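I opened this structure to see how its strands and cores fit together. My notes follow in the order I looked things up.

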Amino acid sequence: WLLANGNALLAVSKGKEYPGGAVLEITKEGKTVFEFKGTQSEVNTVMPLDNGNIMFTEAGPKPRLIEVSREGKIIVDMPIQAQTKDHHLQTRMARKLPNGNYLIPQLLDKVVREYSPDGKIVWEVKTPNWPFTAIRLEDGHTLVNLTHGNKTVELDADGKVIWKISNDDFPADKPFADPCGGQRLPNGNTVIASYAAQGPIKVFEVTR
């Protein structure tokens with residue numbers, strides 16, 4: 001995330017310096033001004049909250065969603081009901097919703113779930129492929145990137161597909177390969193970031 005102060009808020013999956021992953025805020029000069037080390041296998045996603053706290057997810061034997069203050073105090077520690085045989089494919093772009101709940105795509109489980117803060121599942125929809133990003137739109141619909149399905153879909157509150165875009169729409173050049181990121185723009189267009197797309201073009205903006 002690019003923050004208002006110009007710094008970048010990063011989810012660091014894992015590495016030599018952070019074997020359990022981490023959440024980092026880094027200035028443009030490369031200075032780390034906030035650090036919270038993960039305690040399990042990976043840190044999958046991060047989100048800055050309006051109240052100044054930071055939300056992120058940890059993958060591992062006990063997958064969970066955490067909200068932490070800038071002082072490093074854990075405010076929310078919510079278990080995620082996900083498979084544990086493959087930590088890397090537990091969750092991705094989790095988002096906190098305006099109603100206080102959390103929207104979490106669960107890849108290998110092939111499901112997008114909305115959790116209340118006490119960890120109860122209050123809404124879910126099964127997906128035919130791995131869901132990577134899920135964004136709740138203002139009208140209550142949900143925009144979901146389906147990675148290996150090479151498609152992006154918009155679902156209504158009942159989980160019905162009401163709009164989609166995929167390589168079937170572009171049979172000649174098949175532009176989408178593992179579309180992981182998505183965003184609905186104010187003008188109604190959809191931005192799709194295609195992780196494994198061939199060639200220099202990785203990001204697409206498409207009309208409805």
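Before anything else I settled a term: two strands pair if DSSP finds at least two bridges between them. I also noted that this is a predicted model.

**Entry 1: an open sheet**

I looked for strands that pair in a row. Four of them form an open sheet, in the order β8-β9-β10-β11. The pairing is antiparallel. Which strands stand at the edges? They are β8 (95–96) and β11 (121–126). Each has a single partner strand, so one side of each is left without a neighbour in the sheet.

I then checked the link between β8 and β9. Two bridges join these antiparallel strands. In this pair, K96 stands opposite Y102 of β9.

**Entry 2: strand β5 and its partners**

Next I turned to β5, which covers residues 54–59. How many of its six residues are buried? The count is six of six, so I wrote the strand down as mostly covered, with buried meaning under 20% relative accessible area.

I followed the side chains along the strand. In a regular strand they alternate between the two faces of the sheet. Here I54, F56 and E58 point one way from β5. M55, T57 and A59 point the other way, and all of these residues are buried.

I looked at the partner before it in the chain numbering, β4 (residues 42–48). β4 and β5 pair in the antiparallel sense over six bridges. M47 stands opposite M55 in β5. The two strands form a hairpin with five residues between them. In that turn, G52 has a positive phi of about 95°.

β6 (residues 64–68) also pairs with β5, again antiparallel, over five bridges. T57 stands opposite L65 in β6. This hairpin has four residues between its strands, and G60 in the turn has a positive phi of about 160°.

**Entry 3: I54**

I picked one residue of β5, I54. Its relative accessibility is 0%, so I54 counts as buried. I listed its contacts beyond four places in sequence: L9, V23, F34, V46, M47, I66, E67, V68 and R70. I also checked the distance to T190. The two are 136 residues apart in sequence and 26 Å apart in space, C-alpha to C-alpha.

**Entry 4: the cores**

Which residues make up the largest nonpolar core? I found 12: M47, L49, M55, L65, V76, M78, I80, A82, A94, Y102, I104 and Y115. The elements that give two or more residues to this core are β7 (74–79) and β9 (102–106). Apart from this core lies another, of 11 residues, among them F36, V46, I54 and I66.

I took M78 from the largest core. Beyond four places in sequence, M78 touches P63, R64, L65, Y102, I104, Y115, S116, P117, D118 and G119.

**Entry 5: T91**

Last, I went to the loop between β7 and β8, where T91 is found. Is T91 buried or exposed? The residue has a relative accessible area of 1%, so T91 is buried. Its side chain makes a polar contact of 3.2 Å with the side chain of N44. Setting aside neighbours within four places in sequence, I found T91 in contact with N44, T57, I80, I104, P105, Q106 and L107.

Technical notes: Residues numbered from 1 in each chain as written. Predicted model: local features only at pLDDT ≥ 70, side-chain atom pairs only at ≥ 80, totals over all residues. Heavy atoms only, no water. Core = buried A, V, L, I, M, F, W, Y, C linked by side-chain atoms within 4.5 Å. Buried < 20%, exposed > 50% of the residue type's maximum accessible area, 1.4 Å probe, protein only. Contact = heavy atoms within 4.5 Å. Polar contact = N/O pair within 3.5 Å; in protein donor to acceptor, adjacent residues only side chain to side chain.
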